[in-house]
Amino acid sequence: MVGYVSTSGSGPVSLEEAVLQSLPPDGGLYVPTRRLEFSWPPPDMVSTAEWAAPLLLPDLEPEVVGSVAADACNFPFPLIELDAGRFVLELFHGPTHAFKDVGARFMANLVSRMVTESGRSVTVLVATSGDTGGAVASAFLGQSGTRVVALFPQDGVSERQRRQMTTLGDNVEAVAVRGTFDDCQRLVKAAFVDEEISQSHGLTSANSINVARLLPQAIYFLDVTRHISEPAHFVVPSGNLGNLCAGLISANAGMPNAGFTAAFNRNHGIADFLRGDPFEAKPSVPTVSNAMDVGDPSNLERIRWLYGNDDDAVRHDVRGDWVSDEETVRTIAEVHARTGYVMDPHTAVAHAAAIRLDAAAFPTVTLATAHPGKFPEVVQRAIGAPVETPLAILEASERNEVMSMIRPNLEELRDLLDRRHL
Ligand SMILES: *Cc1c(COP(=O)(O)O)cnc(C)c1O
């Protein structure tokens, strides 16, 4: 057993405890007890998911974790070369058309195994700035022993993102919070540290604070090395830093790479930090790449831990950059005019940052985190033509919506959790 310790020092605990409890009682975040190591390169005979998952989560039977991962990654990750040496890695071919399907599906499958074996039930509480809620709701839908409560900022998600949470029913409840994503995230944290709420509902978090959401995201970074022989520089559209953290875990475990760029929208406190400033949490501001509207990213703590709390070592491996809404829209338009490729606003933030890099120095890989059809207003404005809508999203637009509404305080959340779900 490897076990998990808190970045603040407590532990170790088992994988099951780290996953179901989500947050250690000392206020840190769970990380693997020892540094992960890959024996490089990946073997040809098995899929990247089946090879990597047992190395990422060595606490479980390799066959079990391998099959959970293969099931979570049952859609392709196409790598497309837009210009010489400049690639886009499409991570949005899962059921909700966002990269978060990978971590959410892995976690849902794992949690459902854990609760079935122990006869427990859990409430999956999740704060979402856009795509997490839909991915988690879809992944847990119909899983026995689980109830999903997804909190989203009332005015902070697109209609399509909202419908991915409000139209499912069954064991999924969507909750509009009168506030920002940071308010939602604060509420979730408050519910977790409140022992009475947390214990009585068996609260589990499906945000990237949960190791079961975070670790499987390393799989698609590792998969790239099968397709590009030179070490690549990864450009990651970033919000809560879960995706970046998974990439850095892979790099620290031995994945060849030519560095990372964390790309942000106007919520760029981390870009400033990576350029040498002290980090300062700020209230989030709304942008066209709303899943990245995060003022106080939770995974910074894990990234610092990964580098022995040496901020300059983090800055050595990760460049920070940020892109305005105007440039995001312009990038969608320019890439489309030049190559015919249509990207969503989150991907465009990262791609704008990738274009600033010298592609002659190393291949760059922009992570494409959502399907452009999830953001039709922005994308159509940029390219001057309608954008193709994935079928699942069209279907959700025809179903009835059901949601609750609360103010961002713990009492209202407690009342909501206590109300028996139908
Ligand atoms: C969540 C999300 C991001 C940000 O990812 P983090 O892991 O929170 O940094 C970027 N793009 C899209 C489309 C997302 O849904």
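**Ligand and cavities**

User: How do the residues of the shell around the ligand divide into nonpolar, polar and charged?
Analyst: This is a predicted model, in which local features need pLDDT of at least 70 and side-chain atom pairs count only at 80 or more, while totals for chains, interfaces and linings use all residues. Residues are numbered from 1 along each chain, and side-chain values use heavy atoms, without hydrogens or water. With Gly counted as polar and Pro, Cys and Tyr as nonpolar, the shell holds six nonpolar, seven polar and two charged residues.

User: Which residues around the ligand come nearest?
Analyst: The shell consists of 15 residues, each with a heavy atom within 4 Å of the ligand. Its two charged members are counted beside six nonpolar and seven polar ones. Those that come nearest are Lys100, Asp131, Gly239, Asn240 and Thr369.

User: How many Å separate a backbone N or O atom of Asn240 from an oxygen atom of the ligand?
Analyst: Polar contacts to the ligand (N or O atoms within 3.5 Å) include one in which a backbone N or O atom of Gly242 lies 3.1 Å from a ligand oxygen. A polar backbone atom of Asn243 is 2.9 Å from an oxygen atom of the ligand. For the backbone atom of Asn240, the distance to a ligand oxygen is 2.8 Å.

User: What percentage of the area that the ligand exposes alone does the protein bury?
Analyst: Taken by itself, the ligand exposes 380 Å², an area computed by the Shrake-Rupley method with a 1.4 Å probe. Of that area, the share buried by the protein is 97%.

User: Which cavity is the space taken by the ligand?
Analyst: The search of the whole structure finds five cavities of 30 Å³ or more, a cavity being points on a 1 Å grid where a 1.4 Å probe fits but cannot get out. The ligand is placed by asking whether more than half of its atoms lie within 2 Å of the grid points, and its space is the largest cavity.

User: What is the volume of the largest cavity?
Analyst: The lining comprises 24 residues, and Phe99, Lys100, Gly239, Asn240 and Ala291 are the closest to the centre of this cavity. By class, eight of the lining residues are nonpolar, 13 polar and three charged. The space inside is about 270 Å³.

User: What is the volume of the second largest cavity?
Analyst: Its lining residues, each with an atom within 4 Å of a point, include Pro32, Arg34, Arg35, Trp305 and Leu306. By class, five members of this lining are nonpolar, one is polar and two are charged. The volume of the second largest cavity is about 70 Å³.

Methods
On a 1 Å grid over the protein atoms alone, a cavity is a set of points where a 1.4 Å probe fits but cannot get out, and a pocket is an open set with protein on both sides within 12 Å along at least five of seven lines; lining residues have an atom within 4 Å of a point. Grid points are joined across faces, edges and corners, and a volume is the space filled by probe spheres set on the points. A polar contact is a pair of N or O atoms within 3.5 Å; within protein, one must be able to donate a hydrogen and the other to accept it, and residues adjacent in sequence count only if both atoms are side-chain atoms.
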